[in-house]
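Hi everyone, and thanks for coming. Today I'd like to walk you through a structure that may be new to you, so let's get it up on the screen.

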Amino acid sequence: MDCSGYVLECPNAALVSGYDPNSVYSHCQGSQDCHLLVNSQILIGNDCPSLDDGDVSFCINDQLVHCVRFKIAALSNPLKAMLYGSFAESRKDNIDFSKNGISVEGMRAVEVYSRTRRVDLFRAEIVLELLSFANRFCCEEMKSSCDVHLASLVFDIEDALILIDYGLEESANLLVASCLQVLLRELPSSLYNHRVMKVFCSSETRERWAMLGHASFLLYYFLSQVAMEENMVSSATVMLLDRLQEFATEKWQRALAFHQLGCVLLERKEYKDAQFCFEAAVQEGHVYSVAGVARTKYKQGQQYSAFRLINSIIFEYKPVGWMYQERSLYGVGREKTIDLNTATELDPTLPFPYKYRAVMKVEEKQIKQAISEVGKIISFKLSPDVLELRAWFFIALEDYESALRDIRALLTLEPNYMMFHGKVSGDHLVELLNHRVQQWSLADCWMQLYERWSCVDDIGSLAVIHQMLIHDPGKSLLRFRQSLLLLRLNCQKAAMRCLRLARNYCSSEHERLVYEGWILYDTGHREEALARAEKSILIQRSFEAFFLKAYILADTNLGPETSPYVIQLLGEALRCPSDGLRKGQALNNLGSIYVDCGKLDQAADCYMNALKIKHTRAHQGLARVYQLKNRRKAAFDEMTKLIEKAQNNASAYEKRSEYCDRETAKNDLNMATQLDPLRTYPYRYRAAVLMDDQKETEALEELTIAIAFKPELQMLHLRAAFYESMGDLPSARQDCEAALCLDPNHTDTLDLYNKTQNRAVHH
């Protein structure tokens, strides 16, 4: 997101120490005023020092610069020793400085600085000379001033590339940090700039990074991850991973660096080098790299050797899903199918087994069953490759509307996606399929969006919005709707991209402030987001501005004092013009706040009004109201209606389990796990039930299976509690430590950890 004029979004604001609560209202200096290439004011006229005041002169190429001896001496101890110590210069009035690497203009700047302690009076080139002078003569205060000033001049990549070499050469940490910040803000596009890659990968700058402490393992790990996501087989990715290896100092760092490089080399079909890297990672203790060794051997024609290698780790370690998936690659026939089924049983989040089974069904002419198999993944993990696969299946069935829907959703995730092994652009396929489906007008599209949004068909809604954006790509409202849907589908990166596009395309100031507010809120800057919402309301009262403000307040500090104000804000939002899709959400949120305040009748009215405009999710809120009124059967029935209407209904099954008997709850939670194995509540519930039934081993196994593919805080805490109750204190302590890595301030886990430690001491 470009700097909008506020200090909050200006790169230089991050360089200022301290925090001003009112900074969200402050404006930064425009880049036209602060750009590196613009000359700063030079001290002239009456501000110049009187040359008669100088008692020492520095001679540079036959030109004299008159200075005040004690002021120059005050700049550093070395200068003080030179001018007042036992050196010959202490007895001279004219000192030759021709060989000290400073120009006449630079020395005059030194003189001005010695009196004013200011560097903002000079051009950037002169400040760079001052920085070099300060380093040579150990003038720490001058160096710090130059460092801060130069850092404030870095606005874009060109500035950063010009100044970073000076910063590295002169060990100007703040300047280097400012340049680095700009380069990182431009990722991944900056990876295509050979000058940027030279900064990070050349041997000369690498040594300087190391001296400054910036060349940390984590920095290069971050850069290499960005490069791998952008283009896994590029030379830039390989170079960054090479540097990652060089800066790996601990065993786990070396293992990770070797494994990452092995993956890239495998993708580049450099099998021998990849095998070497994987074997090095295994030597460092990275067990998963055994799979890499097996892959490289298989690619080199050693299929049986690869099979034996994976088979050995299945017997040596506790089996997990990926092991069976890997072994299936080297098996055939029935054994391959058994391994893939076992992989899904142990880790239902692995996509390859579903895709393989789907392709096998297609080969057996069971295309509908293949679509159903692939749909199991899409219900909980949306990815472009799986959507592409299902689209091809629909084309095989000549169901072109469904195929077009999936391709449009795919292009929402990755706008430049290339299909058919990178040979056909997604946009071109959309054009071809458009000739085989009925064309919709803009009014038809809005009707379709309303229907699909109402039945919680998020993929269908994405497809409709994608079609609408083809006719009006600058429609910021639609970009915003895209971001909301993508967040529902756990596609955070794509959601943020759409939200930024909404911000960039909007035509009004009040609308832009709302989108900036959501960006700030989603990145953890809640106070700044609230300020954006309030400013937007001052400019123009709008549904989205009031809704944003109410949402932030409700999520941040909802209590008896703030609830009435949030209710008032949502009421103001509902009085502003908007469509039924958003007003339904506002009514749903309002109902939730009324429930928290104990006003159940008002909450029920809100939910019913939301349902009248087809906000289907309001069934869940209404069920909660019925539950609180001790109408459990009505709550169950309300959730049943949601299950029947919603296409994505795993959460509805999970919620309905709270309103029924134990056996029905168990069935609902099993269905929730089947639809979305990433939901953790069902595992915790089943484990707790097993523990109540004195089935400790089964309870631990239920949690262990889920933790293997999703090590979530609550599950780790619960398993730690189980271990503690069984007297297995080392295992309890280990799970507590793992949970505290995810959230160091989790109170319940901290208490359990301390309890475990105390018990271990007394034993």
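**A walk through the chain**

Let me start at a single residue, Gln275, which counts as buried because its relative accessible area is 15%, and buried means under 20%. Please keep in mind throughout that what you see is a predicted model. Where is Gln275 placed? You'll find Gln275 in helix α14, which covers residues 271-283. Setting aside residues up to four places away in sequence, Gln275 touches Val293, Thr296, Lys297 and Gln300.

Now let's step back and take in the whole chain. How many helices and strands are there? The chain has 42 helices and five strands. Along its principal axes, the C-alpha trace spans about 100 × 70 × 70 Å. The chain has 763 residues, and 50% of them count as buried. If you take the contacts between residues at least 6 apart in sequence, 54% of them join residues at least 24 apart.

On to the domains. The domain assignment gives domain 1 as 52-125 and domain 2 as 682-762. Taken over C-alpha atoms, their centres are separated by 68 Å.

Let's visit a residue from each of those stretches. Ala73 lies in helix α2, residues 69-73, and with 6% relative accessibility Ala73 counts as buried. Beyond its neighbours within four places in sequence, Ala73 is in contact with Leu79, Lys80, Leu83 and Tyr84. If you'd like a feel for distance, Ala73 and Tyr521 are 448 residues apart in sequence, and 52 Å apart in space from C-alpha to C-alpha.

The other residue is Tyr685, found in helix α38, residues 681-692. Is Tyr685 buried or partly exposed? Tyr685 is partly exposed, as its relative accessible area is 22%. Not counting residues up to four places away in sequence, Tyr685 touches Arg662, Ala665 and Leu669. Compare that with Glu111: Tyr685 and Glu111 are 574 residues apart in sequence, with 75 Å between their C-alpha atoms. While we're in this part of the sequence, look at Arg686, whose charged end sits over the ring of Tyr683, 5.1 Å from the ring centre.

Next, the nonpolar cores. The largest one has 109 residues. Which residues have the most contacts inside it? They are Leu382, Leu387, Phe393, Ile407, Leu486 and Trp518. Take Phe393 as an example: leaving out its neighbours within four places in sequence, Phe393 is in contact with Ala358, Val359, Val362, Ile367, Ala370, Ile371 and Val374. Apart from that core lies another one, of 87 residues, including Ala227, Met228, Phe247 and Val264.

Now for the aromatic rings. A search of the whole structure finds 22 aromatic pairs. One of them is Phe217 with Tyr221, a stacked pair with 6.3 Å from centre to centre and 10° between the planes. Both residues lie in helix α11, residues 217-230, and they are four residues apart, about one turn of the helix. Their surroundings are worth a look too: Phe217 counts as buried, at 5% relative accessibility, whereas Tyr221 counts as partly exposed, at 26%.

Here is another pair to look at, Trp518 and Phe547. Their ring centres are 6.5 Å apart and their planes are at 40°, so this pair is tilted. Trp518 lies in helix α28, residues 509-522, and Phe547 in helix α30, residues 543-557, so the pair ties together parts that are 29 residues apart in sequence. Both Trp518 and Phe547 are buried. Trp518 is already familiar, since we met it among the residues with the most contacts in the largest core, and I mention it again because of its ring partners. Which residues do ring pairs link into a cluster here? They are Phe480, Tyr515, Trp518, Tyr521, Phe543, Phe547 and Tyr551. Phe547 also has a charged visitor: Arg582 lies over the face of its ring, 4.7 Å from the ring centre.

One last stop. An unreviewed UniProt entry carries the annotation "repeat: TPR" for residues 584-617. Over that stretch the chain is 76% helix and 0% strand, and the C-alpha atoms at its two ends are 9 Å apart.

That's the tour. Thanks for listening, and I'm happy to go back to any stop you'd like to see again.

Notes. Residues are numbered from 1 along each chain as its sequence is written. This is a predicted model: local features need pLDDT of at least 70, side-chain atom pairs count only at pLDDT 80 or more; totals for chains, interfaces and linings use all residues. Side-chain values use heavy atoms; hydrogens and water are left out. A nonpolar core is a set of buried Ala, Val, Leu, Ile, Met, Phe, Trp, Tyr and Cys residues joined through side-chain atoms within 4.5 Å. Buried means under 20% relative accessible area, exposed over 50%, partly exposed in between (1.4 Å probe, protein chains only). Contact means heavy atoms within 4.5 Å. Domain bounds come from an automatic or database domain assignment. Rings of Phe, Tyr and Trp (its six-membered ring) pair if their centres lie within 6.5 Å; planes under 30 degrees apart count as stacked, over 60 as edge-to-face and the rest as tilted. A charge sits over a ring if NZ of Lys or CZ of Arg is within 6 Å of the ring centre and within 35 degrees of the ring normal. UniProt positions are given in the numbering used here, feature names are shortened, and annotations may be inferred rather than shown by experiment.
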